[in-house]
Amino acid sequence: MPRHRLLALLLAAFTLLATGCAGDDDVDAGGNGESADAVDDTTDFGEDAAAAPTAGGDAGEPANDDYEQDDVASGDFPVTFESAGQAWTLDAAPKRIVSLSPTATEILFAVGAGDQVVAADSFSNYPPEAPTTDLSGFDPNIEAITSYDPDLVIIASDANDLVAGLTELEIPVLMSAAPADIESGYEDMAEIGLITGHVDETADATATMRSELATALDTAPETSMRIYHELDDNFFSASSYGFIGAVYAELGAENIADEADNDGTGFPQLTEEYILESDPELIVITDQVSYTPDDVAARPGWDQISAVRSGNIVVVEADIASRWGPRLPQFVSAVAQAMSASAGS
Amino acid sequence: MVAGTPAARSVAETRRSSVDDGVGAAIEGAFVAPRLSTTAVVATLVGVALLSTTIGAADLPVAGVLRALIDRLPLIDVGTALTERQEAILFQIRLPRLALGLLVGGSLGMAGASYQGVFRNPLADPYLLGVSAGAGLGAVLALGFGLDMGWGPVGAVPAAAFVGAICAVAGSALVARGSWTSPAILLLAGVAIAALFSAAQTYALHRLNDTLAREVLSWLFGQLNTSGWRQIGILGPYVAVCGLVLHTHRRHLDVLRIGDDEARSVGLNPARSRLVIIVAASLMTAAAVSVSGLIAFVGLVVPHVVRMLVGHSYRMIVPLSALVGASFLALVDIGARTLVAPSELPVGVITAFVGAPFFAYVLWRRAGVSA
């Protein structure tokens with residue numbers, strides 16, 4: 001009996017503690033905390049916009065410890081966007097962004113919105129200053145997300161009914177799925193720039209990317225070349241239906257995965273006989289697999305493949321070669337160099 | 001021969017016929033004569049194997065393939081019309097894959113039949129004992145966390161899958177505290193262990209990056225991609241030894257079906273027989289799963305098909321399940337390799353598509369019989 005009573009007491013105490021914490025949060029948010037600031041900021045934006053509509057917003061902004069307003073083009077707000085069937089209006093630039101997409105995280109930092117990001121998912125490992133947390137984009141936990149008190153959540157896929165949950169809580173959510181090709185990647189980037197209040201920086205970043213890409217593309221050899229991009233040793237590959245596989249077409253190469261991708265998934269599983277038969281001249285693998293180019297070359301029968309015979313198996317960084325993002329030119333440049341090298345061999 | 005019938009019949013034969021008379025009424029099909037069905041099963045196997053060598057994503061000339069095959073026979077030299085690359089496709093990719101399909105299918109079929117006999121439960125299969133879940137966890141750990149478990153030529157994933165499978169079986173046995181006489185307890189222990197291992201596997205999978213997660217997932221779906229003949233060499237000895245043990249113990253299963261007391265009365269130690277059969281079947285499954293990933297329904301469905309052909313004696317069911325299992329998986333793999341060529345379907349998905357409706361049909365019929 002006493003033991004039971006103790007247990008009940010403990011339980012009661014725990015419950016009290018839990019509700020107490022929740023209550024504290026409420027007070028915080030409504031009193032001295034973020035909500036109040038948010039209201040103030042909105043007013044500020046309104047005034048600023050009226051006073052200096054063209055300003056990039058360098059002058060006359062009140063100091064704010066939450067974020068640097070200098071970079072935000074306040075004149076662009078309110079901004080309206082539609083995502084996953086839901087329309088949102090942002091009266092001011094979001095300053096507590098939670099990014100559950102490594103691509104979005106890279107873009108946010110590239111367009112100067114890095115200061116507005118309060119949390120990024122566990123795979124957001126670039127840039128180094130990104131506030132990586134243990135939040136998951138694949139299996140998102142809505143309570144964990146809301147504990148960062150976000151005013152914008154960016155996701156790559158609507159797992160666990162996240163969009164509906166966040167909509168219920170009136171937290172704006174932007175769905176930014178992996179783009180199908182390079183050009184629509186720029187559009188996604190522009191949208192993120194607009195919503196976060198960094199239109200000018202986004203334009204700059206995009207222009208830089210475009211010129212870097214053009215430079216990288218120029219270094220590719222003129223001759224066409226058969227390429228096999230291997231994702232794992234079950235022969236999953238990237239076809240031109242996805243932007244990674246599409247890079248090869250941009251480089252004037254022939255991606256052997258294209259013929260196998262009847263459904264247009266972008267990531268078909270090739271059958272080994274076909275790989276040998278189509279005889280790729282360059283094989284690209286990533287640094288996240290558990291094997292090396294030597295292992296690939298040693299596979300039985302693969303000594304019949306031109307790329308293996310001439311030693312043209314290159315390793316690319318998986319993070320760059322799986323995300324559309326500001327570092328895409330690095331991937332293109334690495335592949336272009338490999339193509340030049342194997343064209344010479 | 002006919003004159004001495006009652007006396008000449010071995011004890012096992014007598015036992016078998018009594019079993020057939022007593023229990024064997026659940027699925028009463030028109031049983032083909034055993035010798036005839038054995039011939040049919042072997043012929044099917046040979047046919048499927050030939051079909052497999054001539055069909056594939058790469059467009060090899062059929063005549064050329066046959067000539068190259070004959071050329072490889074000892075003492076025969078007819079030359080080959082295939083190019084060097086075509087030879088590599090045939091001998092380094094297509095044939096090892098066929099061999100792997102035969103070995104894995106045969107192992108799963110034979111182990112499934114043995115499990116069903118030992119537990120007197122037509123639903124018993126490698127999944128229920130946690131073998132597959134254990135192998136899955138081992139593979140995920142090896143792939144995802146860089147556990148370097150390779151032994152010599154054995155890769156890290158097969159090795160870890162093997163260890164995981166053995167751990168799961170041992171775990172099930174421990175939980176059941178050696179209650180071999182109560183198959184239900186062991187099966188339920190297997191369910192508990194499998195649930196635990198699956199949970200651990202799902203958790204581990206969550207911590208992986210996309211590339212590794214995809215690698216693990218495609219392994220979990222089951223695939224027969226080989227590293228040439230090397231894996232056959234690794235798998236072969238396990239299959240041979242365990243297969244031999246199961247084959248020589250198949251009559252024990254017929255005795256165990258009647259009951260432990262009856263088994264003791266004819267001088268059999270039921271607990272020991274069960275242990276030997278379970279260990280051999282588990283080892284065989286673990287070896288197969290560690291190479292091919294999880295291929296569902298072969299171990300469950302194949303023995304039922306064989307039962308429809310030859311009745312309820314394990315003397316026939318165990319060896320024929322090996323042969324039918326081998327044909328079945330090789331046949332299904334032709335589909336995996338060619339249905340969406342040059343892309344590929346996971347073979348485990350096809351076995352489930354074929355196996356699940358068939359199994360539902362078997363259950364439906366049984367329900368009709370017992371009602």
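This is a short dialogue on reading a predicted model with two chains, A and B.

Me: Where do I start? How many helices and strands does chain A have?

Reply: Start with a count of elements. Chain A comes to 12 helices and 10 strands.

Me: How many does chain B have?

Reply: Chain B has 16 helices and 0 strands.

Me: What share of each chain is buried?

Reply: Burial is read by counting neighbours: 20 or more other C-beta atoms within 10 Å make a residue buried. In chain A, buried residues make up 43% of the 345 residues. In chain B, they make up 50% of the 371 residues.

Me: How do I read contacts along the sequence? What percentage join residues at least 24 apart?

Reply: Take contacts between residues at least 6 apart in sequence, then ask which of them span at least 24. For chain A, 60% of such contacts do. For chain B, the figure is 76%.

Me: Chain A has assigned domains. Which residues does each one cover?

Reply: The assignment gives domain 1 as 34–206 and domain 2 as 222–344. Their contact takes 14 residues from domain 1 of chain A and 11 from domain 2 of chain A.

Me: Which element gives the largest share of the domain 1 side?

Reply: Helix α3(A) does, with 5 residues. The elements that give two or more residues to this side are α3 (102–110) and α6 (182–196) of chain A. By class, the domain 1 side has 9 nonpolar, 3 polar and 2 charged residues.

Me: Now the two chains together. How many residues of each are in contact?

Reply: In general, the size of an interface is often given as the accessible area lost when the parts come together. Here we count residues instead. 29 residues of chain A are in contact with 29 residues of chain B. On the chain A side, helix α9 (residues 272–278) gives the most, with 5 residues. That side divides into 11 nonpolar, 10 polar and 8 charged residues.

Me: How do I read a helix pair? At what angle do α3 and α5 of chain B pack?

Reply: Look at the angle and the distance between axes. Helix α3 (residues 34–54) and helix α5 (residues 84–118) of chain B pack at about 155°, with axes 9 Å apart. Angles over 145 degrees count as roughly antiparallel, so α3(B) is roughly antiparallel to α5(B). Their crossing is right-handed.

Me: Which residues make that contact?

Reply: From α3(B) come B:A49, B:S52 and B:T53, and from α5(B) come B:R94, B:L95 and B:L98. By class, these are 3 nonpolar, 2 polar and 1 charged.

Me: Why do residues a few places apart on a helix point the same way?

Reply: An α-helix has 3.6 residues a turn, so residues three or four places apart point the same way.

Me: Helix α5(B) also meets α11(B). Are they roughly parallel or roughly antiparallel?

Reply: Again, begin with the angle. The axes of α5(B) and helix α11 (residues 250–258) of chain B cross at roughly 30° and come within 8 Å. Under 35 degrees counts as roughly parallel, so α5(B) and α11(B) are roughly parallel to each other. In this contact, B:S114, B:G117 and B:V118 of α5(B) meet B:L253, B:L256 and B:R257 of α11(B). The classes are 3 nonpolar, 2 polar and 1 charged.

Me: How many residues of α11(B) are buried?

Reply: Helix α11(B) is mostly covered, with 8 of its 9 residues buried. Among them are B:R250, B:R251, B:D254 and B:R257. After the helix comes B:G259, with a positive phi near 150°.

Me: What about residues other than glycine? Where is phi positive in chain A?

Reply: A:A84 is such a residue, with phi near 50°. A:A84 sits in the loop between β1 (79–83) and β2 (86–90) of chain A. This residue counts as partly exposed because it has 15 C-beta neighbours inside 10 Å.

Me: Is B:L75 buried or exposed?

Reply: B:L75 is exposed, with 4 other C-beta atoms within 10 Å. Its phi is also positive, near 70°. B:L75 lies in the loop between α4 (62–72) and α5 of chain B.

Me: Last, the cis peptide bonds. Which residues does the one in chain B join?

Reply: Read omega for this. In chain B, a cis bond joins B:A341 and B:P342, with omega about 5°. B:P342 lies in the loop between α15 (314–338) and α16 (347–370). In chain A, the bond from A:Y126 to A:P127 is cis, with omega near -5°. A:P127 lies in the loop between β4 (117–120) and α4 (142–146) of chain A.

Technical notes: Residues are numbered from 1 along each chain as its sequence is written. Chains are lettered from A and ligands numbered from 1 in the order in which they are written. This is a predicted model: local features need pLDDT of at least 70, side-chain atom pairs count only at pLDDT 80 or more; totals for chains, interfaces and linings use all residues. Helices (H or I, at least four residues) and strands (E, at least two) are DSSP runs, numbered from the N terminus. A residue is buried if 20 or more other C-beta atoms lie within 10 Å of its own, exposed if 12 or fewer, and partly exposed in between; C-beta atoms are placed from the backbone. Two residues are in contact if their C-beta atoms, placed from the backbone, lie within 7 Å. Axes are lines fitted to C-alpha atoms, for helices over the stretch in contact, and angles run from 0 to 180 degrees between N-to-C directions. Angles under 35 degrees count as roughly parallel, over 145 as roughly antiparallel, 65 to 115 as roughly perpendicular and the rest as oblique. A crossing is left-handed if the near helix is turned anticlockwise from the far one by less than a right angle, and right-handed if clockwise. Ala, Val, Leu, Ile, Met, Phe, Trp, Tyr, Cys and Pro count as nonpolar, Asp, Glu, Lys and Arg as charged, and the others, Gly among them, as polar. Domain bounds come from an automatic or database domain assignment.
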